[in-house]
Amino acid sequence: MRFVSREERSQLTAAKDPKDRLRTSIELARNHLTRLEDFTSQKKFDQALEELGAYLGLIADVRAFCGGMVRDKGSTRDLYRKLDIELRAHIPRLAVVRRTTPVAYAIHLKAAEEYVRETRADALDSFYGHSVLREDSGSGDKKPEKSKQPPEGVKRP
């Protein structure tokens with residue numbers, strides 16, 4: 001269950017600049033991830049799952065916040081870049097926690113890991129949305145075949 005507490009929501013709404021809001025969200029999410037690691041090492045898996053829900057709530061909030069912005073602007077791409085760099089470090093941390101967790105709890109961590117990967121992929125897609133041409137697989141256009149004959153005037157040994 002993903003959630004953002006009222007206290008954290010008030011901190012996020014207090015940040016007026018998108019850059020500050022992203023920085024606040026990432027810092028809060030990082031704190032939840034650290035507490036998740038601590039609870040897992042102490043074998044307190046129920047509290048660890050609560051921290052996971054708070055962590056995922058913040059990631060979902062950041063994803064929705066950035067998704068509502070215009071993707072063609074450079075400042076939005078900078079936000080996505082910062083989000084990508086931060087999430088790149090979170091994925092291995094989640095994987096380590098998942099490996100030390102019983103199977104009953106690990107399925108939630110695996111789903112969280114996938115969600116963070118999807119969020120990171122969305123952030124990376126903001127850079128390539130308009131500049132990458134996609135190839136149609138059903139167009140049926142083939143490249144013209146090249147002649148196997150050497151050009152005239154060229155002698156073969």
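How many aromatic pairs does the structure hold? In this predicted model, the structure holds one aromatic pair. A pair of aromatic rings is described by the distance of the centres and the angle of the planes. Aromatic rings also take part in another kind of arrangement here, in which an arginine lies over the face of a ring. Arg 2 is placed over the face of Tyr 115, at 3.9 Å from the ring centre. Arg 21, in turn, lies over the face of Phe 65, and here the distance from the ring centre is 4.5 Å.

Arg 21 is a good place to begin with the helices, since this residue also appears in the contact between helix 1 and helix 2. Helix 1 covers residues 6–14 and helix 2 covers residues 18–41; their axes come within 8 Å and cross at roughly 155 degrees. Angles over 145 degrees count as roughly antiparallel, so helix 1 is roughly antiparallel to helix 2. The crossing of helix 1 past helix 2 is right-handed. On the helix 1 side, the residues that meet helix 2 are Glu 8, Arg 9, Gln 11 and Leu 12. Their partners in helix 2 are Arg 21, Thr 24, Ser 25, Leu 28 and His 32. Sorted by class, this contact has two nonpolar, four polar and three charged residues.

Next along the chain comes the packing of helix 2 with helix 3. The axes of these two helices come within 8 Å, with a crossing angle of roughly 160 degrees. Helix 2 and helix 3 are therefore roughly antiparallel to each other. Helix 2 passes helix 3 in a left-handed crossing. The classes of residue in this contact are 17 nonpolar, four polar and four charged.

Helix 3 (residues 45–67) also packs with helix 4 (residues 74–99), at an angle of about 155 degrees and with the axes 12 Å apart. Because of that angle, helix 3 is roughly antiparallel to helix 4. Here the crossing is left-handed. Helix 3 brings Leu 52, Tyr 55, Ile 59, Val 62, Cys 66 and Gly 67 to the contact, while helix 4 supplies Tyr 80, Leu 83, Leu 87, His 90 and Leu 94. What classes of residue make up the contact of helix 3 with helix 4? There are nine nonpolar and two polar residues, and no charged ones.

Key
Residues numbered from 1 in each chain as written. Predicted model: local features only at pLDDT ≥ 70, side-chain atom pairs only at ≥ 80, totals over all residues. Heavy atoms only, no water. Axes fitted to C-alpha atoms, helices over the stretch in contact; angles between N-to-C directions. Helix = DSSP H or I, 4+ residues; strand = E, 2+ residues; numbered from the N terminus. Parallel < 35°, antiparallel > 145°, perpendicular 65-115°, else oblique. Left-handed = near helix turned anticlockwise from the far one by under 90°. Contact = heavy atoms within 4.5 Å. Nonpolar A, V, L, I, M, F, W, Y, C, P; charged D, E, K, R; others polar. Phe/Tyr/Trp six-rings, centres within 6.5 Å; stacked < 30°, edge-to-face > 60°. Lys NZ or Arg CZ within 6 Å of the ring centre and 35° of its normal.
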